[in-house]
Amino acid sequence: METARVLVAADKFKGSLTAVQVAERVTAGLRRVVPDIRVETLPVADGGDGTVAAAVAAGFERREARVTGPLGDPVTAAYAVRGTTAVVEMAEASGLQHLPEGVFAPLTATTYGSGELLLAAVEAGARTIVFGVGGSATTDGGAGMLAALGARFLDADGKPVGPGGGGLADLAEADLSGLDPRFAGIDLVLASDVDNPLTGSKGAPEVYGRQKGATEADIATLDAALAHYASLLGPEQADLPGAGAAGGIGYGALVALGARFRPGIEVMLDVLGFAPALDRATFVITGEGSLDTQTLHGKAPAGVAAAARAAGLPVVAVCGRLALSPEALAGAGIRRAYALMDLEPDPAVCMAEAGPLLERVAESIARDFLV
């Protein structure tokens, strides 16, 4: 029997293991059972946090820039470059990770630094930018990002409106004439696992505002402010898929920067070289921290499994927590899922011991499928 050629293409286990660490632990466990097994690792991401790290693991060069954080303070943000392609992750500049513990600024958090990060990528020679959007601390419709690129958002007195989505309630004039002209020649790909519109019952404030600290009153304020903002920039684009991504930064990219929306995992699999890796494999292992109904809506394991199934390859998944039925897994193209919590039911211990537990899970996969 020919030795299996395993492709490990998993996302991070949020809060415990990076995607690179997941791949390392799975490989170690497989080799404990089948020492000579051939394993190729391709850490993946779906456009949210961890996207730059996945690109770097695939051979992109990591770069850093000092940019404006969501609260207005300077932060160091990473992006990735290979040739004329850059991967920019908005959370690196404007993400929740830049907020102090327990501190939120739902009305004033800005995406200005995301615009500065896009500029850094252009100045590094990028002609194609994969703009991964997710994990934001912001709900400003991308106004801060566009301001960093030269747009002006003015109140009735001709003064710049305040930062964040709350400031857009005072917007009287949106002047895009000063936008950096280099963006007209950039292929900007909006990569997101979110296809929400900008406003309304499925819009950015209503669906995602609470996780950014917004009260019910804040949500109403933000929804009205974003609707007003869109009425000046282009109301028809507010309903496009992805407009509501990352607090509406998707809308700003679509309406003013000529971005095109693609599901994040599809874009990232292309950028990371997943198809050639799949051609070399006979067995695929994917996964993420929690396999649940969200997984089925454009998350990394669903994208990996769909592509592997189309290629006729068997797929199993690893996860911390499993909340999908065998039927749902099968529907996604996953033969079986192995959960760390089946070995260690205490969530805190499970997260703390995720690495060793994942190696044990990988040993089980090797015994069940590869010997």
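The second largest pocket in this structure comes in at about 220 Å³. Of the 16 residues lining that second largest pocket, Ala-143, Gly-144, Ala-147, Val-161 and Gly-162 are the closest to its centre. Keep in mind that what you're looking at is a predicted model. Below is a quick tour of the pockets, then the two sheets and the helices that pack on them.

**The second largest pocket**

- Two elements, α5 (143-148) and β7 (152-154), give two or more residues each to the lining of the second largest pocket.
- Sorted by class, that lining holds 10 nonpolar, four polar and two charged residues.

**The largest pocket**

- The largest pocket has a volume of about 1,200 Å³.
- Its lining takes in 44 residues, and those closest to the centre are Lys-14, Asp-49, Asp-193, Gln-294 and Lys-299.
- Several elements chip in with at least two lining residues each: α9 (245-256), β10 (260-263), β11 (283-291), β12 (315-322) and α14 (347-352).
- As for the make-up of the lining of the largest pocket, 15 residues are nonpolar, 17 are polar and 12 are charged.

**The six-stranded sheet**

- One open sheet is built from six strands, lined up as β3-β4-β5-β6-β9-β10, and its pairing is mixed.
- The edges belong to β3 (61-68) and β10; each has a single partner strand, so one side of each is left without a neighbour in the sheet.
- On average, neighbouring strands here are turned by 30° against each other, ignoring direction.
- β3 pairs with β4 (residues 74-82) in the antiparallel sense, over eight bridges. Within that match-up, Arg-66 has Thr-76 of β4 as its bridge partner.
- Further along, β6 and β9 are parallel partners joined over five bridges, and Val-130 has Val-189 in β9 as its bridge partner.
- β9 also runs parallel to β10, with four bridges joining them. Here Leu-190 stands opposite Phe-261 in β10.
- Is β9 mostly covered or mostly exposed? Mostly covered: five of its six residues are buried.

**Helices on the six-stranded sheet**

- Helix α4 (residues 112-123) lies across β3, β4, β5 (85-89), β6 (128-132) and β9 (187-192), and runs at about 140° to β3.
- Helix α10 (residues 264-272) packs on this sheet too, touching β4, β5, β6, β9 and β10. The direction of α10 makes about 85° with that of β10.

**The five-stranded sheet**

- Another open sheet has five strands in the order β2-β1-β11-β12-β13, with parallel pairing.
- At its edges stand β2 (38-41) and β13 (336-339), each with a single partner strand, so one side of each is left without a neighbour in the sheet.
- Neighbouring strands of this sheet are turned by 25° against each other on average, direction ignored.
- β1 (residues 5-8) and β2 run parallel and are joined by four bridges. One residue to look for is Val-8, whose bridge partner in β2 is Thr-41.

**Helices on the five-stranded sheet**

- Helix α1 (residues 19-33) packs on the sheet and touches β1, β2, β11 and β12. The direction of α1 makes about 175° with that of β2.
- Helix α12 (residues 300-310) packs on the sheet as well, touching β11 and β12, and its direction makes about 160° with that of β11.

Terms used. Residues are numbered from 1 along each chain as its sequence is written. This is a predicted model: local features need pLDDT of at least 70, side-chain atom pairs count only at pLDDT 80 or more; totals for chains, interfaces and linings use all residues. Side-chain values use heavy atoms; hydrogens and water are left out. On a 1 Å grid over the protein atoms alone, a cavity is a set of points where a 1.4 Å probe fits but cannot get out, and a pocket is an open set with protein on both sides within 12 Å along at least five of seven lines; lining residues have an atom within 4 Å of a point. Grid points are joined across faces, edges and corners, and a volume is the space filled by probe spheres set on the points. Ala, Val, Leu, Ile, Met, Phe, Trp, Tyr, Cys and Pro count as nonpolar, Asp, Glu, Lys and Arg as charged, and the others, Gly among them, as polar. Two strands pair if DSSP finds at least two bridges between them. Axes are lines fitted to C-alpha atoms, for helices over the stretch in contact, and angles run from 0 to 180 degrees between N-to-C directions. Contact means heavy atoms within 4.5 Å. Buried means under 20% relative accessible area, exposed over 50%, partly exposed in between (1.4 Å probe, protein chains only).
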